[in-house]
Amino acid sequence: MLFNSFQFLIFFIVVTSFYFLLPYNKRWFLLLLASCYFYMAFVPIYILILGFTIVIDYFAGIYIENAKGRHRKFFLALSLVANIGVLAFFKYYNFLNNNLSFLLHDLGLNNPIPYLSILLPIGLSFHTFQAMSYTIEVYRGNQKAERHFGIYALYVMFYPQLVAGPIERPQNLLHQFREKYDFDYDRVAEGLKLMLWGFLKKLVIADRLAVYVNAAYNNPEQHSGFTFLLATFFFAIQIYCDFSGYSDIAIGAAKVMGFQLMTNFNRPYFSISISEFWRRWHISLSTWFRDYLYISLGGNRVSIPRWYFNLLLVFLISGLWHGANWTYIIWGALNGFYLIFAIVTQNFREKINKLTRIQRLPRLNHLLQVLTTFALTCFAWIFFRANNVQNAFLVIKKIASFKGPFYLGNHAELIYSFLGISLVFLVEFKREYFKEALPVYTNRNWAVRYLSYAFLIILILLIGVFDGRQFIYFQF
């Protein structure tokens, strides 16, 4: 079920209404049924995949808690192998098989392993990582094993964040399913306003930007460097509005019912370094890799070469997590290289700053750092968006040459795009530097406030809902 559909609107109203009407001890069952229906609206049979991993992880958590010594590691390994195995089969089988075919072809051999027509289950990467965080936390002693099977199943399947996060830790979410949340007008209003802002970012801004981005990147031979400069800038804003918009809708929908989900984006394009960018972008995933992979590898508490290796490996795996394509792996490697390069050149950059005395102009220095970080991020986004590695290098070559005509596309779409970007920038700028919310949220004049809400709803319905486009991250 798509968030940007009338089906979801009806679903949300019905589920939320019954949620507040039911006794507290029955609400978990309603949410579990609703979440099953929500997931089965995509491909019903794939609910069995979720059921398989839920059963394994539920019992694994109990056995890990009760076992001692090597038996605890065995049950943890069983859980991880089951989850990673399902993810690897559905997401990476054909990718690995295709690369094996190329390798064997170079050796003059044929690949006997057949290709399979596999449809990737929606949101598999997200709920797999959330499930793994549960058994890891139980193993580490940070979380008690959940004995209530229905509550645990709901932890994995909670519909607001089931298909695209935020990826929650059991310490944050599990206990909330047992807590009592009464209807609170202020909390419900805040949740609905956050959902409205998420829909606006996704449907009115991201989907408008996608028209130009798709036209350029799907036909790279036909467009110029200037076109790709604009298309890459548009994509940077598109993917942010698309994914952060989904997160806002998910967090807002949960807040309406009383649940607190973690913040997933914190104005990442105002970062002054790549490391800060990754502390602000897709926070639930970044912290997942930090806590469960980077630290487990030794983090920065190892030799310098091993530290660099740890950073690069984490970002390579992060790239592969995003998609079964070499473009994503290169994107991850680029971000890892950015971080390593920043560490290696830190002393040199500090000396340059002293020589140029840029510290005497703190605002200019801050602006230059923000623009540099954004430019590096956009360069990496080229590989993320390109359909293949060859197209990515073609785009880079064309940008470097600055040759060819400029593609204007649909003038109305361009106007919508620039207006949308201006709106997002204004709101994000005020929140970043002045700690101000969107003006329509805080206006004390009730007529202005509610007329503004009505205008935004009409705008979302007219420009966005009828397109029915999926969120970018639904493929991951």
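**View 1. I151 and its contacts in helix α6.** In this predicted model, I151 touches a set of residues beyond its neighbours within four places in sequence: W28, E146, L174, F177 and R178. The helix that holds I151 is α6, which covers residues 149-157. Is I151 buried or exposed? With a relative accessibility of 2%, I151 is buried, because the cut-off for that label is under 20%. For a sense of scale, look also for L109: 42 residues separate L109 from I151 along the chain, and their C-alpha atoms are 51 Å apart.

**View 2. The cis peptide bond between G165 and P166.** Here the bond to find is the one joining G165 to P166, which is cis, with omega at about 5°. P166 sits in the loop that runs between α6 and α7, the latter being residues 170-173.

**View 3. F8 and the largest nonpolar core.** This core has 127 residues, and F8, F158, Y269 and W381 are the ones that touch the most other members. Which helix gives the core its largest share? That is α9, with 19 residues. Now turn to F8 itself: leaving out neighbours within four places in sequence, F8 is in contact with M1, L2, F3, F38, Y159, M195 and F199.

**View 4. L21 in helix α1.** Helix α1 takes in residues 6-21, and L21 is part of it. The relative accessible area of L21 is 70%, so L21 is exposed, the cut-off being over 50%. F183 makes a good landmark for this close-up: L21 and F183 lie 162 residues apart in sequence, while their C-alpha atoms are 9.7 Å apart in space.

**View 5. S224 in the loop between α8 and α9.** The loop holding S224 links α8 (185-217) to α9 (225-257). S224 has a relative accessible area of 1% and is buried. Which residues does S224 contact, leaving aside neighbours within four places in sequence? They are K398, K403, G404, P405 and F406.

**View 6. Positive phi at R267 and H282.** Two loop residues share this panel. R267, in the loop between α9 and α10 (274-280), has a phi near 50°, a positive value in a residue that is not glycine. At a relative accessible area of 18%, R267 counts as buried, because anything under 20% does. H282 belongs to the loop between α10 and α11 (283-294), and its phi, near 45°, is likewise positive in a residue other than glycine. The relative accessible area of H282 is 1%, which makes H282 buried.

**View 7. The whole chain, for orientation.** Stepping back from the close-ups, the chain has 19 helices and 0 strands. Its radius of gyration is 24 Å, close to the 23 Å given by the globule rule for 476 residues, so the chain is as compact as a globular protein of that length. The C-alpha trace spans about 70 × 65 × 50 Å along its principal axes. Of the 476 residues, 53% are buried. Taking contacts between residues at least 6 apart in sequence, 75% join residues at least 24 apart. About 23,100 Å² of the chain is accessible surface, with 67% of this belonging to carbon and sulfur atoms. As for charge, the mean positions of the 41 positive and 23 negative charges are 7 Å apart.

Conventions: Residues numbered from 1 in each chain as written. Predicted model: local features only at pLDDT ≥ 70, side-chain atom pairs only at ≥ 80, totals over all residues. Heavy atoms only, no water. Helix = DSSP H or I, 4+ residues; strand = E, 2+ residues; numbered from the N terminus. Rg over C-alpha atoms; globule rule 2.2 N^0.38 Å. Buried < 20%, exposed > 50% of the residue type's maximum accessible area, 1.4 Å probe, protein only. Contact = heavy atoms within 4.5 Å. Areas by Shrake-Rupley, 256 points an atom, 1.4 Å probe, with all protein chains shown as cover. Lys, Arg positive; Asp, Glu negative; His and termini not counted. Charge placed at Lys NZ, Arg CZ, Asp CG, Glu CD. Core = buried A, V, L, I, M, F, W, Y, C linked by side-chain atoms within 4.5 Å.
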